[in-house]
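Me: I'm new to this structure and would love a close look at one part of it. Could you walk me through a helix pair and the sheet beside it?

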Amino acid sequence: MTNTLFLEANHSIAYVTIQSPPANALSSILLKDLEAVLNKIEGDPSIKAIVLKGEGKFFSAGADIKEFTALQQASDYESMAKRGQDLFARMETFHIPIIASIHGAALGGGLELAMACHMRIVTKEAKLGLPEITLGIIPGFAGTQRLPHFVGSAKAYEMILTGEPINGEEAYSYGLANKVVEADALDEEVKQLAGKIVSKSKLTIQQIMRLIPYAKTSLFAEGVSEEAKAFGEIFGSEDAKEGVQAFIEKRKPNFQDN
C-alpha cells in the first residue's frame, strides 16, 4: 500500500491500481510510489505479470499540471521529463510483462504511461491522446517517440499536433491497443490475458521480455533525450506559461506564438 497506488497479488499476477482522485494525475509522488511498487514486485519471484489500472472514472488524465508552476528553469523541466522517461523506460524493459487496463481517459502522461506497458486492453469509450499542445507545451515522457511506434508517423503527427484524442475502437484499429471491449468486460478480459501469460514458465517469460526490446531502433534513445531537452526549452516560452495558467483557470489560452 502506498499513498497513490494499491498493490494486490493474486495467482502470480500483481494488480496495481492508481488511486489519485479525481483524475489519477501523475504527480511526482505517484511516480515515486510507482517506482517503489516496481522495486517490491522485482523482489517477489512469485509474480509473473502485472496489471496496471486506474480507480474511478479514469486510467490517468495526465500529469499534475499544478506542479509545473513550481518549476523555474528549463533545466528543472528537462530533469522532470528525464525522471519520467527513465521510469517508463524501466517499465518497458521490466523482466515481466505489464498490461494496461484502460477505461475513461488516458491522456498526456497517462497515455505515455500506458504506452510504456507491454500490452493495452481498452474499452470502446476510452479516450487516448496527447493534448499537451493545447497547453502550449509538448509531451515529455517519451510520447513523441512511442506514439509513432504504435500508430505510424502520419497518425502520430495528427494526434500530437491537434491534441485530439481517439476512442478505444480507433486505438485498436491503429495498433495502439491489443483489444477493445465493452466496459463491463474489461476486468475479465485483462484477467484472462494475464492468466494465459502466468501459466507459462517464468524463465521463458523473462527471456522474451529481454529479447523483444532489441527490436527498437537505435535512434529511440536519442529521440527521447531530445524530447526532454525540448520539453525544458518550451517551458521558457510565454505561450507555455499562458497555456498552463489557462488550464489551471479553466479558460481558453490566448497564444501569441512567443
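Reply: Here is a walk through one helix pair and then the sheet. This is a predicted model, in which local features need pLDDT of at least 70 and side-chain atom pairs count only at pLDDT 80 or more, while totals for chains, interfaces and linings use all residues. Residues are numbered from 1 along each chain as its sequence is written, and side-chain values use heavy atoms, leaving out hydrogens and water.

Let's begin with the helices. Helices (H or I, at least four residues) and strands (E, at least two) are DSSP runs, numbered from the N terminus. Helix α3, residues 74-92, packs against helix α4, residues 109-116, at an angle of about 30°, and their axes are 8 Å apart. Axes are lines fitted to C-alpha atoms, for helices over the stretch in contact, and angles run from 0 to 180 degrees between N-to-C directions. So α3 is roughly parallel to α4 (angles under 35 degrees). On the α3 side, Phe88, Met91 and Glu92 meet Gly109, Glu112, Leu113 and Ala116 of α4 (contact means heavy atoms within 4.5 Å).

Now follow α4 to the strands: α4 lies across β5 and β7, running at about 90° to β5. These strands belong to an open sheet of 3 strands, ordered β5-β7-β8 with mixed pairing (two strands pair if DSSP finds at least two bridges between them). β5 (105-107) and β8 (166-167) are at the edges with a single partner strand each, so one side of each has no neighbour in the sheet. Strand β7, residues 127-129, runs antiparallel to β8 and is joined to β8 by 2 bridges. Leucine 128 has isoleucine 166 in β8 as its bridge partner.

Definitions and conventions. Parallel < 35°, antiparallel > 145°, perpendicular 65-115°, else oblique.
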